[in-house]
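Dear colleague,

I am handing over the structure we spoke about, and my notes on it follow below. Please read them with the model open beside you.

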Amino acid sequence: MAQFLVIDVGTSGLRAAVVDDTLSIVAFEYRSCPPSSPSPGLVEFDATDIARLSLDAAHTVLARVDAPIDAVGITNQRASVVVWDRATGKPVGPGLGWQDLRTVMECIMAKAEHGWAMAPNQSATKIQWILANTPDLEGRDLCAGTLDSWLAWILTEGAVHVADHTNFSATTSGLRSIDGTGWRNDILEAFSIPEAILPDVVDSASVIGHATALPGSPPIAALIGDQQASLIGQGCVRPGQAKITFGTGGMLDVCTNSGTPEAANRYAHGTYPLPVWSLGGVLTWGVEGIMLSAGTNVEWLRDDMGLIDTAEQSHEVASQCTDSGGVMYVPALLGLGTPNWDYGARGTLLGLTRGTERRHVVRAVLEGVAHRGADLVDAAVADTDIELAALRIDGGMSRNPTFVQALANVTGLPVEVAPVVEATTLGAAFLAGVGIGVWNDVGDIDALWSPAHTAAPDTGVDRHALRLSWADALSRAAGWIPDLSALDF
């Protein structure tokens, strides 16, 4: 039986897991590593601390298994950037998280001066900012990369500087040609980013070196962005298969395999193209849609409103009523993403009466997030002309039965719940197996997908009426902060 070590670095914590060739998790370790926010809109992290915690978690989990590890897979939050000194291996300063907004003006100027559609959650302007605002960098031999690059460097003790196509695509980095074959030299020149500091871009599944920092020096055989790893981990590897990860935010990804798009720009209904994996130098494509807040709304109920004591209690409270009593909630605490991309929209609670109770509000919040999930599905279908037969989900909210049923009702689709909360780990493990030949192709994961359970839409639910009411509520939340609503990346 083959076994794989996966290191999975998320936004607020990291996991090390040993996964076997049935995609069962054998051993697991978690370490908290939340980013810091020195002022509003700034999100930084300590890359040295992430390296230390990753090695600690990996050594701890490896000590709990008897058989050797056959390969290592790395999956990570995308677009977060580290710049380090090649000679010392030390970061030149804090890493910039994918949520960091300090480069908004640079993005606006890039569009005004060059016509480039840049967003602050891409790597390009983050690398530019670090190079321009860190003192004493002149003459130093530097490396810049995303967290897969940084972890591969750490695990190989400086032997390789690489990233895969999902982490350094035209969509996620803004620095590559759309077909993934080279760099955008015009952007590198305009942003004063030397090509020499950037990683070699490699396949998502291939042996890129050996993890000499770990016992037995196993090969590193997979690098993959977190959302793409989740897509693969949920078996969505054929055209028309889709997943949504409901974590702090919500991310829908659909495999389209429709060939290289003309550009990395957003489509008419707010989704955008991105490679979902690469093998043998060939990129397989999909589309992605985002809701800016999902589980954040449950945290708001718990931490700020005090309506529930735990996130899990939201199901218990919401299930005390069969409907929200006419209350609707738009989960726009941080604005909206796909399809509207309105950064100035704000959370909106509508339909309150003297008879509204806690249970109605809690249920309305869960149903509002479900409606946003349906927005993502509708946008993806409109942008791709691909009808979905089912929807697969993971993330913390996937464990909430009230939410899962509401999602099935408003999408009109059967919702298949992943067997683990974080399917990213399974996707990275599977790709590591592909990288060393345990499996021949990504299609082999079909036989390994087994949902924890499936929620079918309730019969008798008037989905059309629900969605019309939702559209009305959504329009009332829009444009609350006009200056932010005017931003477009």
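**Helix packing, openings and backbone**

Helix 1 and helix 4 are oblique to each other, because angles under 35 degrees count as roughly parallel, over 145 as roughly antiparallel, 65 to 115 as roughly perpendicular and the rest as oblique. Their axes, for helix 1 (residues 47–62) and helix 4 (residues 147–155), come within 10 Å and cross at roughly 55°; axes here are lines fitted to C-alpha atoms, for helices over the stretch in contact, and angles run from 0 to 180 degrees between N-to-C directions. Helices (H or I, at least four residues) and strands (E, at least two) are DSSP runs, numbered from the N terminus.

This is a predicted model, in which local features need pLDDT of at least 70 and side-chain atom pairs count only at pLDDT 80 or more, while totals for chains, interfaces and linings use all residues. Residues are numbered from 1 along each chain as its sequence is written, and side-chain values use heavy atoms, with hydrogens and water left out.

The crossing of helix 1 and helix 4 is right-handed, where a crossing is left-handed if the near helix is turned anticlockwise from the far one by less than a right angle, and right-handed if clockwise. In this pair, Ala47, Thr48, Ile50, Ala51, Ser54 and Leu55 of helix 1 meet Leu147, Trp150, Leu151, Ile154 and Leu155 of helix 4, contact meaning heavy atoms within 4.5 Å. The contact of helix 1 with helix 4 comprises 9 nonpolar, 2 polar and no charged residues; Ala, Val, Leu, Ile, Met, Phe, Trp, Tyr, Cys and Pro count as nonpolar, Asp, Glu, Lys and Arg as charged, and the others, Gly among them, as polar.

Helix 9 (358–384) takes part in two further packings. With helix 10 (401–411), its axis comes within 8 Å and crosses at roughly 45°, and helix 9 and helix 10 are therefore oblique to each other, in a right-handed crossing. Their contact has 9 nonpolar, 4 polar and 2 charged residues. Helix 9 and helix 12 pack with their axes 11 Å apart, at an angle of about 100°, which makes helix 9 roughly perpendicular to helix 12. In that contact, which divides into 4 nonpolar, 2 polar and 5 charged residues, the helix 9 residues Gly368, His371, Arg372, Ala374, Asp375 and Asp378 meet Arg463, Leu466, Arg467, Trp470 and Leu474 of helix 12.

These three helices, together with strand 17 (328–330), each supply at least two residues of the lining of the second largest pocket. That pocket holds about 410 Å³ of space, and of its 20 lining residues, Asp323, Ser324, Arg363, Glu367 and Leu466 lie nearest its centre. On a 1 Å grid over the protein atoms alone, a pocket is an open set of points with protein on both sides within 12 Å along at least five of seven lines, a cavity is a set where a 1.4 Å probe fits but cannot get out, and lining residues have an atom within 4 Å of a point. Grid points are joined across faces, edges and corners, and a volume is the space filled by probe spheres set on the points.

A search of the whole structure finds 1 cavity of 30 Å³ or more. About 50 Å³ of space lies in the largest cavity, whose lining includes Cys33, Phe45, Ile50 and Trp98 and has 6 nonpolar, 5 polar and no charged residues.

Two backbone details deserve a look. Thr338 and Pro339 are joined by a cis peptide bond, with omega about 0°, and Pro339 lies in the loop between strand 17 and strand 18 (348–350). Leu23, although not a glycine, has a positive phi of about 60°.

With best wishes
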